[in-house]
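Me: I am new to this structure and would like a close look at one small part of it. Please start there and then work outwards.

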Amino acid sequence: MDIQHLINLVNSLIALPYIFLLLGTGIFLTIGLRFLPVRKLPQTIRELVRGIRPESSRGDITPFQALTTELSATIGTGNIAGVATAIFLGGPGAIFWMWVCALFGMATKFCESFLSVKYRHVLKDGTISGGPMWYISQGLKNRWLAGFFAFSGALSAFGIGNMAQSNSVALVLVKSWRIPEIVTGLTLAILTSLVIVGGIKRIGRITEFLVPIMSLLYIGAALLILLFNISKIDDVFSLIITHAFSPIAASGGFAGAAISQAIRYGIIRGVFSNEAGLGSTPRAHAAAQTDSPFNQGLVSMSGIFFDTIIICSMTAFVILIFPEAWTSGENSSSLTSLAFNCGIPSIGKHIVTLSLVTFAFSTIIG
């Protein structure tokens, strides 16, 4: 058995328990917090505005920089390639389950960041260290489990945080602009080292500048396409809702999908994009200059809304507006590129390429 078959076997065995535990935790926390993501929406908006300025001298970066660092880590290939893959494997209905994952994931993200600030640790040099390894160790009093998380988190950073992102950049650049993979790899390595050698403070400054610009470019292009095809929006909504609860037949190069596939790939790709429950992004929020775990939890929670509800939905709508795109048999970033090119001929594919590069680079440094 080769490594690819082994990975596929492991994925097939853990997918169902993973979905049950992750979504179940989000539902449990949402009910336990009395639907806090909905109740505290006005306060969340206020905290986002206030977050540009430090609330406390304790911490390394402003609350807003903590959010942009989180978004830099979560807005990546999952928003472009991941959404397309969810549609390719699970059909249009997968997007509905991606939304469900995001809504319940907001409560999970709130709790992760709340605990990260509450149990953060000041190091000897005055910098802040925080995250699940600290609140597991101090809150649950389980140092072994905390160490296991830290080890697993380091390994996963190579996979979802670096290998998947750099590979996607290398593939799209060699296909779109014929830039050799070795050149892409070396350039990413050099640029990343120049940023992360400055620690969380430099990462915060870079992401505070990079994240809003790259997000506005991509969202602006998607909105332009949607405005030109506004009459088709109702049909896209109907397609998503209908096939979230009923299978969809094969069409063209699209192989069709059962309800179970829509649920599986919608939730899995949703988590790959927003990382709710993975324990990765709360480490950035632990470094925020704030004395309120609650307020920083609200700021963190808004990251899922921007990442999944807005950016992932933009990608999905652009793809599903053009049946010739999502039934073509194309997958991953190639499908997104094809759809954007249908909406903005000759230019759309270059927008996707540029967005994918910047999104992936921001994830690597995040």
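Which does Ser332 count as: buried, exposed or partly exposed?

Reply: Happy to help! Ser332 counts as partly exposed, because its relative accessibility is 26%. In these terms, buried means under 20% relative accessible area, exposed means over 50%, and partly exposed lies in between, with a 1.4 Å probe and protein chains only.

A word about the model before we go on. Residues are numbered from 1 along each chain as its sequence is written, and this is a predicted model in which local features need pLDDT of at least 70. Side-chain atom pairs count only at pLDDT 80 or more, while totals for chains, interfaces and linings use all residues, and side-chain values use heavy atoms, leaving out hydrogens and water. The mean pLDDT of the protein (the predictor's confidence in each residue, from 0 to 100) is 86, and 98% of its residues reach 70 or more. Among the elements, the lowest mean pLDDT, 74, belongs to helix 4 (residues 63–74), and the highest, 94, to helix 11 (residues 233–242).

Back to Ser332, which sits in helix 16. Helices here are DSSP runs (H or I, at least four residues), as strands are (E, at least two), and they are numbered from the N terminus. Ser332 is not a glycine, yet it has a positive phi of about 55°. Another residue with this feature is Arg34, also not a glycine, with a positive phi of about 55°. Arg34 is found in the loop between helix 1 and helix 2 (36–39), and at 60% relative accessibility Arg34 counts as exposed.

Now for the partner of helix 16. Two packed helices are described by the angle between their axes and the distance between the axes. The axes of helix 14 (residues 293–321) and helix 16 (residues 332–343) come within 8 Å and cross at roughly 65°. Such axes are lines fitted to C-alpha atoms, for helices over the stretch in contact, and the angles run from 0 to 180 degrees between N-to-C directions. That crossing makes helix 14 roughly perpendicular to helix 16. The wording follows a scale: under 35 degrees is roughly parallel, over 145 roughly antiparallel, 65 to 115 roughly perpendicular, and the rest oblique.

Which residues make the contact? On the side of helix 14 they are Thr315, Val318 and Ile319, and on the side of helix 16 they are Leu335, Thr336, Ala339 and Phe340. Contact means heavy atoms within 4.5 Å. By class, these residues are 5 nonpolar, 2 polar and no charged. Nonpolar covers Ala, Val, Leu, Ile, Met, Phe, Trp, Tyr, Cys and Pro; charged covers Asp, Glu, Lys and Arg; the others, Gly among them, are polar. The crossing of helix 14 and helix 16 is left-handed, a term for a near helix turned anticlockwise from the far one by less than a right angle, with clockwise giving right-handed.

Helix 14 also packs with helix 6 (residues 93–118), at an angle of about 160° and with the axes 7 Å apart. Helix 6 and helix 14 are therefore roughly antiparallel. Their crossing is right-handed, and their contact has 19 nonpolar, 7 polar and 2 charged residues.

Let us step into helix 6, where Thr108 is found. Thr108 is buried, with a relative accessible area of 9%. Setting aside residues up to four places away in sequence, Thr108 touches Thr25, Gly26, Leu29, Ala276 and Gly277.

Another buried residue is Ala15, at 6% relative accessibility, in helix 1 (residues 3–32). Beyond its neighbours within four places in sequence, Ala15 is in contact with Arg264 and Ile268. Ile263 lies in helix 12 (residues 259–274) and is partly exposed, with a relative accessible area of 27%. Ile263 and Gly90 are 173 residues apart in sequence, and their C-alpha atoms are 7.4 Å apart in space.

One last pair of helices: helix 8 (residues 143–176) and helix 9 (residues 181–196) pack at an angle of about 135°, with axes 9 Å apart. That makes helix 8 oblique to helix 9, and the crossing is right-handed. Here Ser166, Val169, Ala170, Leu173 and Val174 of helix 8 meet Glu181, Thr184 and Leu188 of helix 9. The residues of this contact divide into 5 nonpolar, 2 polar and 1 charged.
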